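Biologist: Could you show me the model, and then take me through the empty spaces inside it?

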Amino acid sequence: EKGGFEHFMLKEIYEQPSAITDTYRGRLLVDEGVIRMAGIDDNLERFTNAKRIIIVACGTSWHAGLVAEYIFEDLARIPVEVEYASEFRYRNPVITSEDVVIAISQSGETADTMAAIKLAKEKGAFVFGVCNVVGSSISRETHAGAYTHAGPEIGVASTKAFTTQITVLTLIALKLAKAKGTISKTDFHMHLSELETIPQKIEVALLSNDHIKEVADKYKEARNCLYLGRGYNFPVALEGALKLKEISYIHAEGYPAAEMKHGPIALIDEDMPVVVIATRKGHYEKVVSNIQEIKSRQGKIIGIVTEGDTSVRDLADYVIEVPDTIESLTPLLTTIPLQLLSYHIAVMLGKNVDQPRNLAKSVTVE
Ligand code: M6R
């Protein structure tokens with residue numbers, strides 16, 4: 001049942017190219033220049049007239065929501081707020097019938113997310129679900145939705161659910177951008193053809209597995225670890241840190257790279273590995289100068305870089321390459337090495353990777 005893999009988590013990491021292909025099936029029609037999603041098409045005006053989108057979720061799904069915030073605002077020009085479902089439900093939020101709420105949940109059973117949905121419905125918002133488990137409670141409670149179609153995710157640490165959530169949310173953002181006229185025809189088509197190449201590029205990213213194992217071996221004894229990223233890759237830094245915490249029990253924190261000098265830089269010394277997502281897009285130069293700041297304090301640098309990068313390689317202790325793509329799609333690639341890095345560290349430390357202590361796959365109590 002693990003398909004020859006030692007753990008479900010590893011199997012699920014390797015399933016990402018086919019899982020994303022399944023997410024695209026019947027939806028991403030590159031030749032026709034169309035994205036087809038019934039849940040959006042049937043409710044298009046709710047979305048295009050929305051004053052704002054509020055995304056509610058927990059854990060890794062909340063991180064996918066943060067990536068979506070960048071892409072929705074960037075492409076569709078709709079204001080987005082991303083909320084922890086557990087906070088949203090208890091803080092008397094301002095919600096009206098002009099809001100669209102998107103609830104993201106792999107299991108479709110998370111208690112806090114469910115409660116947030118019920119509250120949003122009571123206040124008259126239109127609620128859209130992005131779930132993986134077909135027929136789950138959240139998929140039934142929402143007004144409409146889109147499944148991720150990632151297939152069953154058994155490992156407690158979410159992997160393919162995350163990348164397929166980002167995929168679905170990207171498709172939605174593009175669809176809305178097209179409907180609202182906030183994206184040019186050329187840009188829309190460029191995004192579609194880039195999306196199509198992602199599964200194959202993930203295959204390439206997975207080829208770094210042996211190299212990532214070496215990096216894992218080098219840093220497995222670390223007590224703390226920092227993850228930094230900017231823009232679209234700031235949420236990926238948060239997700240990388242969560243993956244390491246939950247399966248290896250090493251304390252890790254994710255930060256927007258520029259926030260480092262507002263506090264965390266004080267932690268940096270020769271015992272602190274810092275994973276920096278520094279793809280050659282967006283704020284690349286700024287991230288490189290953040291790397292210089294870490295280096296001058298003797299921090300150990302693991303750079304996640306675009307194929308062929310030399311500037312970061314000159315500064316970093318290790319670099320892990322991912323293929324080039326457009327900025328908005330980089331999270332789908334930069335996430336892969338971070339998943340593998342935490343997986344290998346946890347295995348080397350002898351931890352129960354698929355069922356980490358104290359954690360449940362779906363959190364059905366608050
Ligand atoms: O099923 P959900 O997506 O609603 O679950 C939300 C979180 O409990 C979940 O993502 C959790 O953070 C994972 N263990 C992270 O790997």
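What follows is a short conversation about cavities and one strand pair.

Modeller: This is a predicted model, in which local features need pLDDT of at least 70, side-chain atom pairs count only at pLDDT 80 or more, and totals for chains, interfaces and linings use all residues. Residues are numbered from 1 along each chain as its sequence is written, and side-chain values use heavy atoms, with hydrogens and water left out.

Biologist: How much space lies in the largest cavity?

Modeller: A cavity is a set of points, on a 1 Å grid over the protein atoms alone, where a 1.4 Å probe fits but cannot get out. Grid points are joined across faces, edges and corners, and the volume is the space filled by probe spheres set on them. The search finds five cavities of 30 Å³ or more, and the space in the largest is about 100 Å³.

Biologist: How do the residues lining the second largest cavity divide into nonpolar, polar and charged?

Modeller: Lining residues, which have an atom within 4 Å of a point, include Val-215, Tyr-219 and Cys-225 here. Ala, Val, Leu, Ile, Met, Phe, Trp, Tyr, Cys and Pro count as nonpolar, Asp, Glu, Lys and Arg as charged, and the others, Gly among them, as polar. For this lining the division is eleven nonpolar, no polar and no charged.

Biologist: Which residue in S4 stands opposite Val-56?

Modeller: Strands are DSSP runs (E, at least two residues), numbered from the N terminus, and two of them pair if DSSP finds at least two bridges between them. Strand S3 (residues 52-57) pairs with strand S4 (residues 80-84) in the parallel sense over five bridges. Opposite Val-56 stands Glu-83.

Definitions and conventions: 1 Å grid on protein atoms, 1.4 Å probe; cavity = no way out; pocket = protein on both sides within 12 Å on 5 of 7 lines; lining within 4 Å. Helix = DSSP H or I, 4+ residues; strand = E, 2+ residues; numbered from the N terminus.
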